[in-house]
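Biologist: Could you take me on a close look at the aromatic rings in this protein, and at a few of the residues around them? I am just starting out, so please go slowly.

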Amino acid sequence: MDIGRRTIITALGAAAALGAGNGAAAAAPRSAASRALARLLPRHCDQVTFRTVPARDGADAFRVAGTAGRIVVEGTTPAVQLTGVHHYLRSAAHAHFSWNGEQTGLPRLLPGLRTPLVKSANVAHRFVFNDTNDGYTGPCNSWDYWEHELDVLALHGYNEVLVYLGADTVYHRTFQEFGYGDAELRAWIPGPAHQPWWLLQNMSGFGGPVSQQLLDRRLRLARRIVGRVRELGMTPVLPGYFGTVPPGFADRNTGAHVVPQGDWSGFARPDWLDPRTAVFARVAEAFYRIQSALLGDSDMYKVDLLHEGGDPGDVPVGEAAKAVEKALRTAHPGAVWNVLGWQTNPRRDIIDAVDKSKMFIVDGLSDRFPTVTDREADWAGTPYAFGSIWNFGGHTTMGANTPDWTALYEQWRTRKGSALSGIALMPEGSDNNPAAFALFSDLPWSDGPVSLTAWFEQWSAERYGAPDRHAAAAWDILRRTAYGTTRQDSWSEAPDGLFGARPSLTARNGASWSPDSLRYDTAEFARALPELLAVPAALKHSSAYRYDLLDVTRQTVSHHSRALLPQIKAAYDRAGLAAFRELTTEWFEWMGLLEETVATDRRFLLGRWIADARAWGADSAEKDRLAHDAVSLLTVWGDRAAADDGGLRDYANREWAGLVGGLYTLRWKTYFQELDTALAESRAPRDIDWYTIEDGWVRNHPPYPTEPSGDIVRIARRVVSAGRR
């Protein structure tokens with residue numbers, strides 16, 4: 001089937017199709033959707049009956065109807081049925097789930113519907129997760145996390161889930177058939193936090209070696225994840241094979257032609273095996289055979305050939321692409337080749353060489369550059385997804401280019417000859433920006449253009465449980481500021497704060513590749529915080545409200561770093577020691593408030609991140625190694641060459657308790673103390689070896705709390721008061 005030419009039925013057609021199922025026997029009470037709802041709403045799940053009905057013309061659709069306490073949901077898959085439930089809860093009960101808080105304060109009986117709620121998907125593909133997700137979101141998450149995450153993704157309408165977990169075992173077993181021993185392969189495989197970049201052929205080894213027990217445990221979790229994805233009627237998108245090999249491969253395998261790949265951001269890249277060779281075909285056969293035995297088959301495989309500067313050497317790229325495609329088709333006839341649209345990838349010579357109807361590009365630049373206007377021309381009509389990467393490195397900043405989403409998605413989808421056949425939700429780190437998550441997820445289920453004003457007003461009601469003027473005012477402010485940016489400045493993420501930047505009086509961002517200036521009016525943004533605090537007490541009980549209050553408080557505090565640093569520089573430049581000391585004292589007061597703010601939620605605790613990593617170790621040495629792997633990713637990222645020369649240090653900076661009060665405070669105190677002493681002694685400040693300080697902290701930091709503390713409402717009030725001084 002040509003995935004770019006699937007016919008999507010209209011909502012009217014879906015209503016007719018699904019309504020025909022009303023007389024069918026009720027689905028078994030323990031269907032996949034029913035089990036998921038029991039996990040999510042145990043007190044109300046028995047009031048919902050699920051029925052599976054066939055799709056028409058390839059379109060997913062749902063229909064929700066019923067009276068109070070007797071709701072019937074029909075849908076094409078368990079995941080689509082759950083999407084229907086969620087739309088019903090949001091519109092009829094002002095309730096909702098997210099990956100950041102939920103509002104589930106429901107009446108005893110679920111409300112009935114006067115008219116059925118009917119929706120169909122306007123695209124076939126709803127893809128989720130960036131290749132980097134496992135690193136930046138949580139390399140050591142447990143099944144409890146993943147079970148809830150997958151339920152939430154189903155509620156939001158996704159049907160294709162990228163799953164990298166378990167690939168380490170596939171590679172480990174594959175290359176034992178090609179002359180490598182167990183120990184050397186486990187040393188080649190990076191620690192869990194850095195594995196995504198190894199799978200993208202960017203680096204290897206860092207954070208390792210991995211133990212056999214760790215490989216086995218990660219495989220068991222991967223099997224549960226892909227099993228649940230399939231149970232919910234979604235597709236697990238698995239990594240395909242495109243030529244990454246361990247060192248010395250040609251020396252051990254006659255006939256192999258290996259192309260060195262040079263460096264990536266200070267790391268040595270793994271070698272690339274020429275896909276035209278018979279040896280490549282044998283490796284690919286082993287890879288897919290072992291992968292299928294461990295994780296089952298899929299209809300879609302992620303294959304990023306020559307990612308981020310990969311060097312083809314003397315290998316014709318088109319011929320290489322044909323060979324990679326042949327290996328995939330041999331193992332999985334009819335499977336779709338999934339590839340990330342990023343930088344110059346996929347190269348045109350790749351696209352022109354393969355069956356474009358069996359390729360699906362998830363575009364990471366749809367809302368990034370204003371020069372991206374015609375993907376049909378760029379990619380020769382290859383089916384693609386409208387995608388968003390609203391954060392890089394898992395930054396904690398709120399914001400997204402939502403005006404671009406609502407305008408461009410509908411425009412690109414409906415124009416003549418459109419090849420747009422999906423959406424791709426791909427922040428580098430997920431579990432943040434719940435409003436962006438909900439809005440982007442709604443695009444495939446919307447009938448025509450989305451009004452941002454109306455959407456955010458409705459969001460404020462479903463987020464907290466009822467319409468309220470203060471909640472609506474807060475979210476309207478956020479709509480016009482953090483969520484009102486566009487791609488005209490060639491950015492898709494909000495600027496990170498400077499409290500997490502490596503110290504400099506001229507610092508303009510924390511991460512090397514993040515915006516170097518503000519993208520909206522921060523004074524206007526700050527007005528949202530008192531509005532959130534004015535929400536009635538009855539609407540403040542949900543975890544959704546507490547998360548949002550923390551997030552707006554955090555970002556309000558973070559903005560002060562950009563206002564204060566130029567003042568500190570001005571005081572230093574004019575040798576005003578008294579003013580310098582007064583302003584740097586204020587700087588640390590705001591950092592202290594930031595630490596208090598983020599300490600109120602477990603998801604913002606460095607101690608939790610470390611504890612999760614250590615929990616996967618079998619002994620103290622492995623626990624330490626896993627903790628170092630996880631913490632280094634958030635800070636130095638790698639060794640000195642990667643951190644300094646490669647520019648990766650602080651790429652994954654985030655405003656978390658432990659990072660703010662730990663490393664970030666240590667760095668700024670060290671810096672300001674040196675500047676203070678230099679002013680007092682009328683001399684130039686001495687150079688500081690930042691990597692030595694950072695790496696030393698990563699390896700020898702104190703323990704940090706794993707449970708939250710403090711009252712976010714009281715802290716938010718203090719922030720409002722402090723901002724008025």
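Modeller: Here is a walk through the aromatic rings, followed by some other residues worth a look.

Let's begin with how far to trust the picture. This is a predicted model, and the mean pLDDT of the protein chain is 95. Of its residues, 96% reach 70 or more. Residues 1-27 have a pLDDT below 50, although this stretch has 60 contacts in the model beyond near neighbours in sequence.

Now to the rings. The structure holds 57 aromatic pairs. One of them joins Phe 206 and Phe 267, and it is edge-to-face, with 6.0 Å from centre to centre and 80 degrees between the planes. If you look for these two rings along the chain, you will find them in distant parts: Phe 206 is in the loop between α8 (195-199) and α9 (212-231), while Phe 267 is in strand β11 (residues 267-268). They are 61 residues apart. Phe 206 counts as buried because its relative accessibility is 16%, under the 20% cut-off. Phe 267 counts as buried too, with a relative accessibility of 7%.

A second pair to find is Phe 287 with Tyr 288. This pair is also edge-to-face; the centres are 5.5 Å apart and the planes are at 90 degrees. Both Phe 287 and Tyr 288 are buried.

Let's stay with Phe 287 for a moment. You can find Phe 287 in helix α11 (residues 278-295). Its relative accessible area is 1%, so Phe 287 is buried. Setting aside neighbours within four places in sequence, Phe 287 is in contact with Val 170, Tyr 171, Thr 174, Pro 239, Gly 240 and Tyr 241. For a sense of scale, try Leu 117: Phe 287 and Leu 117 are 170 residues apart in sequence, and their C-alpha atoms are 45 Å apart in space.

Phe 287 and Tyr 288 also belong to a cluster linked by ring pairs. Among the other members are Tyr 171, Phe 175, Phe 178, Tyr 180, Trp 188 and Trp 198. Tyr 241, Phe 249, Phe 280 and Tyr 301 are in the cluster as well.

One ring of the cluster, Tyr 180, also has a charged partner: Arg 252 lies over the face of Tyr 180, at 4.0 Å from the ring centre. Elsewhere you can look for Trp 609, where the charged end of Arg 654 sits over the ring, 5.5 Å from its centre.

Next, an arginine in another setting. Arg 562 is part of helix α21 (residues 543-573). What might surprise you is that Arg 562 is buried, with a relative accessible area of 13%. A polar atom of its side chain lies 2.9 Å from the backbone oxygen of Asp 496. Not counting residues up to four places away in sequence, Arg 562 touches several residues, including Pro 495, Asp 496, Leu 498, Arg 508 and Asn 509. Pro 515, Asp 516, Ser 517 and Leu 518 are also among the residues that Arg 562 touches.

Asn 141 is another polar residue to visit. Asn 141 sits in the loop between α4 (133-137) and α5, and its relative accessibility of 8% means that it counts as buried. The side chain of Asn 141 reaches the backbone oxygen of Gly 138 at 3.2 Å. Leaving aside neighbours within four places in sequence, Asn 141 is in contact with Trp 146, Leu 221, Asp 612 and Trp 616.

From there, turn to helix α2 (residues 32-40). Its buried residues are Ala 32, Ala 33, Ser 34, Ala 36, Leu 37 and Leu 40. These buried residues pack against β1 (48-52), α3 (78-93), α5 (143-155) and α9.

Two cysteines and a methionine round off the walk. Cys 45 is buried, with a relative accessible area of 8%, and Cys 140 is buried with a relative accessible area of 8%. The count of disulfides comes to zero. Met 359 lies in strand β15 (residues 359-363), and at 0% relative accessibility Met 359 counts as buried. Met 359 and Tyr 384 are 25 residues apart in sequence, with 8.3 Å between their C-alpha atoms.

Conventions: Residues numbered from 1 in each chain as written. Heavy atoms only, no water. pLDDT = per-residue confidence, 0-100. Contact = heavy atoms within 4.5 Å. Phe/Tyr/Trp six-rings, centres within 6.5 Å; stacked < 30°, edge-to-face > 60°. Helix = DSSP H or I, 4+ residues; strand = E, 2+ residues; numbered from the N terminus. Buried < 20%, exposed > 50% of the residue type's maximum accessible area, 1.4 Å probe, protein only. Lys NZ or Arg CZ within 6 Å of the ring centre and 35° of its normal. Polar contact = N/O pair within 3.5 Å; in protein donor to acceptor, adjacent residues only side chain to side chain. Disulfide = S-S within 2.5 Å.
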